[in-house]
Amino acid sequence: MFLVTGATGNVGAEVVAALAKAGEPVRALVRRPDVALPDGAEAVTGDLNDPASLGDALEGVAGIFLLPGYHDMPAMLARAREAGVRRIVLLSGGSAALENLDNAVSAYMTLAERAVRESGLDWTFLRPRAFMANALRWLPQLREGDTVRAQFPQVAAASVDPADIAAVAARALAGGHEGRIHDLTGPVALRPADQVAVLAEVLGRKLEFVGLPDDETRAELEATMPREYVEAFWDFYVGGTLDEATVYPTVAEVTGRPARTFADWAEAHADAFS
């Protein structure tokens, strides 16, 4: 049995689907037991910030697909080990490699990896770069018109399809990837303007791209997130400390097929933009 945390999120939902499709026994950790899941997947409620609540979730579980950033990951991991869990596949990120504890994002990724390393469990770290699904943040603008205003227009990222992250995660959960760090990207680095151009072609719309200057980007960020996260993203994308443009072949190496392109992702999710 495999337990998937964040089971209704962009990546977790894809992990549940991939495991269910492969016929693997999969349990989805959710907040509501009536959530819709693929056939063959079992829903269980629990709170990773409260290890004592995980008894039912951990019963019979061999491996966990784990998200980072919970309050007391060492205690949660100890509870998992006591329950008989053997393997953790951690969804981390490229900023974990920076090990910058002064950067709020890098810090929680770094500390999560350290907790898993020190847990005594077998582990695999997945370090995806930007998600293709981040383009869904433009949905409100596309519902209002044909202009997309984007933050950090100068930054190119080899964004990855969450379904590809899930495909790698499913293989890592099955074993054979212990002690490995998988850097995950799509096949090419694109700037926001390039992504909008792909969306225009897929959707059959004439879209206009407007790159926001730094002052407008900062104002938008400060209106939507805590200041320490604003500074973290500023460090990454204005300071240039995080490389998301380098392309890695890991998806193809692990899955045996090419990583999906942004056009592939856009076509698969075109209905969301209707």
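## A walk through the predicted model

A263 touches V198 and V202, when residues up to four places away in sequence are not counted. This is a predicted model, and within it A263 has its place in helix α11, which covers residues 262-268. Although A263 and V202 are 61 residues apart along the chain, their C-alpha atoms are separated by 7.2 Å. A263 is partly exposed, because its relative accessible area is 27%, and the range for that class lies between 20% and 50%.

From this helix the reader can turn to the sheet, in which seven strands are arranged in the order β3-β2-β1-β4-β5-β6-β8, forming an open sheet with parallel pairing. At its edges stand β3 (41-45) and β8 (180-184), each of which pairs on one side only, and from one strand to the next the twist averages 20°. Strands of a sheet pair through backbone hydrogen bonds, and they may do so in a parallel or an antiparallel way. One pair to look at is strand β4, residues 63-66, with strand β5, residues 87-91, which are joined in the parallel sense over four bridges; here F65 has V89 in β5 as its bridge partner.

Helices lie across these strands. Helix α3 lies across β4 and β5, and runs at about 160° to β4, while helix α6 (residues 162-174) lies across β1 (2-4), β4, β5, β6 (122-128) and β8, running at about 165° to β5.

Helix α3, which covers residues 73-82, also packs with helix α4, residues 104-117, at an angle of about 30° and with the two axes 9 Å apart. The crossing of α3 and α4 is right-handed, and the residues that meet there are M73, P74 and L77 from α3 and A112, A115 and V116 from α4. Sorted by class, this contact of α3 with α4 has six nonpolar residues, with no polar and no charged ones.

Helix α4 is also met from another direction in the chain, namely by helix α9 (residues 227-237), whose buried residues pack against α4 and α8 (214-222). In α9 the residues V230, A232, W234, F236 and Y237 are buried.

Further along, T255 is found in helix α10, which covers residues 250-255. With a relative accessible area of 14%, T255 is buried, because buried means under 20%. A polar atom of the T255 side chain lies 2.7 Å from the backbone oxygen of V251, and the side chain of T255 also reaches the backbone oxygen of R257, at 3.3 Å. Leaving aside neighbours within four places in sequence, T255 is in contact with A167, V168 and R171.

Two loop residues complete the tour, both with a backbone angle worth examining in the structure above. E99, found in the loop between β5 and α4, has a positive phi of about 50° although it is not a glycine. F152, whose place is in the loop between β7 (147-150) and α6, likewise has a positive phi, near 45°, in a residue other than glycine. F152 is buried, since its relative accessible area is 9%.

Definitions and conventions:
Residues numbered from 1 in each chain as written. Predicted model: local features only at pLDDT ≥ 70, side-chain atom pairs only at ≥ 80, totals over all residues. Heavy atoms only, no water. Buried < 20%, exposed > 50% of the residue type's maximum accessible area, 1.4 Å probe, protein only. Polar contact = N/O pair within 3.5 Å; in protein donor to acceptor, adjacent residues only side chain to side chain. Contact = heavy atoms within 4.5 Å. Axes fitted to C-alpha atoms, helices over the stretch in contact; angles between N-to-C directions. Left-handed = near helix turned anticlockwise from the far one by under 90°. Nonpolar A, V, L, I, M, F, W, Y, C, P; charged D, E, K, R; others polar. Pairing = 2+ DSSP bridges.
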